[in-house]
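Trainee: Please walk me through this structure. I would like to reason from one step to the next.

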Amino acid sequence: MGNFFNKLWTFFKAPVGVILSTNLFWHIVILALGIPFNSIVSGAILILDILIAIILRNQIIYFFSQFVLPIQNPNDRKAIFARVRNFETGKRGAALFIKNGRVITHKGELEKRNPGVILLDTASALVLRTDTEIRDTVGPGVKFTAKGEYIAGSVDLRIQHQNIGLGEHDKNSPHRAQQTLALTRDGFEISAALGIQFRIKRPAEKLPSESGVLSQYGYDPRAVRNAIMNELVVVNADGKHTRMEWNRLPAHLVVNLWREYVRKFKLDDLLTTNAVSGLQTIEEMINKRVKNPQVVALDDTGLPTGEWLDSREYIHLQARGVEILDVRIHNVYLDSAIENSKIEAWNPEWLKFAEKEATLLKEQEALIETAAREEASKKFALLVSEKFSHKPVALQQTPFKTLQLLLEPLREFIIKESNAKNDLEKELKKLDEILKWLLENNPDADSATRRRA
């Protein structure tokens, strides 16, 4: 009963219900007042009012619905008009927003299968399907869904960053340690923190989507479709089958490569600092395996064999529409007992290395100091001999005049470079005192010159 009255109230709130209820009330008033009326004319007016109300309602909905979404063509205007017009009914479809590859929705919205609408930001793309077939691949912009269509999967077009294994703050997390646990050739367990950058493969040239939106991240419909639909099935340790989503594939491949290459090296080879370490070789080989169709094979001791092999990891990534940009090995963790023993063994080597470096630094310091002293001596000699180097100077009868000619350029240089520095001011005063003494004791100087000094 309550449902009936709710539907009846909804009807009377609609334009047709308002017109019918108004006409019914008006004719009741006329009958009560005994005013005669023509039923045919009243019926015609009622029908005309209903038609005008329906037309006006549709035109108003058509006009204002164009501002609900950023649509750009007449077909989209008709589609949004149909969705808004049916919004009050129970036949409307899903209205969804996709942000950074994630579906933003209300409860129960995804279960609607009538014609709906999806708005995607510039970093999102998806694939639509029905219960029986795969439909369109959709890029950034607006997409109007047909009856029976729903989202098969969505992706984030931005560069993705993923860290696997133990981080600096996860040393007490056994689960994260197991993610990258590997065994060396001499039987030692080792874990690492692996950093991966990857993304959905981008086209060579950025083109707009069907909605006319040009994404700064690039949109390749084929890559998006492959990433969502070409899912791998992984058999777990307990025998269960799990479907692997596109953003889990890079980590899966990188971890397997990490374990494959760690088995080729002894622990000491991984951590050596004499040349290129085993960890550097592993990092380089992992990047080559995920970025190139062919790579040089390594033997069981980690040395190149010269044989070129197809990279299965690269093939898998291409088939899924995914590309790995970079792989980095950040940190390496050993069992605490092994780590302590290695540190004890390395301490003497580090001490020898430090002493050797200190000796080299002292030698370099001495060489630099000697070279600087020689350079300063040359500059000093050129400076004080300035008045003797450009033009001939008459032979002086006394050494006082010679000393004066040598000291005057030095005094001028100090005045120019002093800039009120205390040390240079002190040196300048000393030179002034020496020059004064020379003038006072120079027998060739006249009395007027001595008085000025």
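Mentor: Start with a definition: two strands pair if DSSP finds at least two bridges between them. Keep in mind that this is a predicted model.

Trainee: Then which residue in β6 stands opposite L120?

Mentor: Begin with the strands. Strand β6 covers residues 141–145, and 5 bridges join β3 to it. The two run antiparallel. In β6, the residue opposite L120 is G141.

Trainee: Do β1 and β3 run parallel or antiparallel?

Mentor: Strand β1 spans residues 95–99, and 4 bridges join it to β3. A95 has V117 as its bridge partner in β3. L96 stands opposite I118 of β3. The direction of β1 and β3 is parallel.

Trainee: What is the order of the strands in the open sheet of 4 strands?

Mentor: We have met two of its pairings. β1 runs parallel to β3, while β3 runs antiparallel to β6. The pairing in this open sheet is mixed. The order is β2-β1-β3-β6.

Trainee: Which are the edge strands?

Mentor: Read the order from end to end: β2-β1-β3-β6. An edge strand here pairs on one side only. That picks out β2 (102–104) and β6.

Trainee: How many degrees does the twist average from one strand to the next?

Mentor: Stay with the open sheet, which has 4 strands. Take the step from one strand to the next and average the twist. The value is 25 degrees.

Trainee: How many of the 5 residues of strand β3 are buried?

Mentor: Strand β3 covers residues 116–120. Buried means under 20% relative accessible area. β3 is largely enclosed by the rest of the structure, because the buried count is 4 of the 5.

Trainee: Which helix lies across β3 and β6?

Mentor: Both strands belong to the open sheet. The helix covers residues 74–85 and runs at about 60 degrees to β6. Lying across β3 and β6 is α4.

Trainee: In β5, what is the bridge partner of L126?

Mentor: Strand β4 (residues 124–129) and strand β5 (residues 134–138) run antiparallel, joined by 3 bridges. A hairpin of 4 residues leads from β4 to β5. The partner of L126 in β5 is V138.

Trainee: Now for charges. How many residues apart are R92 and E109?

Mentor: R92 and E109 form a salt bridge, with their closest N and O atoms 3.1 Å apart. R92 sits in the loop between α4 and β1, and E109 in the loop between β2 and β3. The pair links distant parts of the chain, and the separation is 17 residues.

Trainee: Does E109 count as buried or exposed?

Mentor: Compare its relative accessibility with the cut-off. Buried means under 20%. E109 has 5%, so it counts as buried.

Trainee: Which residue forms a salt bridge with E323?

Mentor: The closest N and O atoms of this pair are 2.7 Å apart. The partner is buried, with a relative accessible area of 18%. For E323 the partner is R199.

Trainee: What is the distance between the closest N and O atoms of E283 and R328?

Mentor: A salt bridge needs a nitrogen and an oxygen within 4 Å. E283 and R328 form one. The distance is 3.7 Å.

Trainee: Where is E283?

Mentor: Its salt bridge links distant parts of the chain, 45 residues apart. R328 is in strand β15. E283 is in helix α9.

Trainee: Which side chain of opposite charge is nearest to K264?

Mentor: K264 is found in the loop between α7 (249–262) and α8 (267–271). K264 is buried yet has no salt bridge. The nearest opposite charge is 4.1 Å away, whereas a salt bridge must be within 4 Å. That side chain is D300.

Trainee: Which backbone oxygen lies 3.4 Å from a polar atom of the side chain of K264?

Mentor: Look at the contacts of K264 beyond four places in sequence. They include R185, L298 and T301. The backbone oxygen in question belongs to D299.

Trainee: To finish, how many salt bridges does a search of the whole structure find?

Mentor: We covered R92 with E109, E323 with R199 and E283 with R328. Shared partners also join E133, R135 and E149 into one network. The whole structure has 12.

Terms used
Residues are numbered from 1 along each chain as its sequence is written. This is a predicted model: local features need pLDDT of at least 70, side-chain atom pairs count only at pLDDT 80 or more; totals for chains, interfaces and linings use all residues. Side-chain values use heavy atoms; hydrogens and water are left out. Buried means under 20% relative accessible area, exposed over 50%, partly exposed in between (1.4 Å probe, protein chains only). Lys and Arg count as positive and Asp and Glu as negative; His and the chain ends are not counted. A polar contact is a pair of N or O atoms within 3.5 Å; within protein, one must be able to donate a hydrogen and the other to accept it, and residues adjacent in sequence count only if both atoms are side-chain atoms. Contact means heavy atoms within 4.5 Å. Axes are lines fitted to C-alpha atoms, for helices over the stretch in contact, and angles run from 0 to 180 degrees between N-to-C directions.
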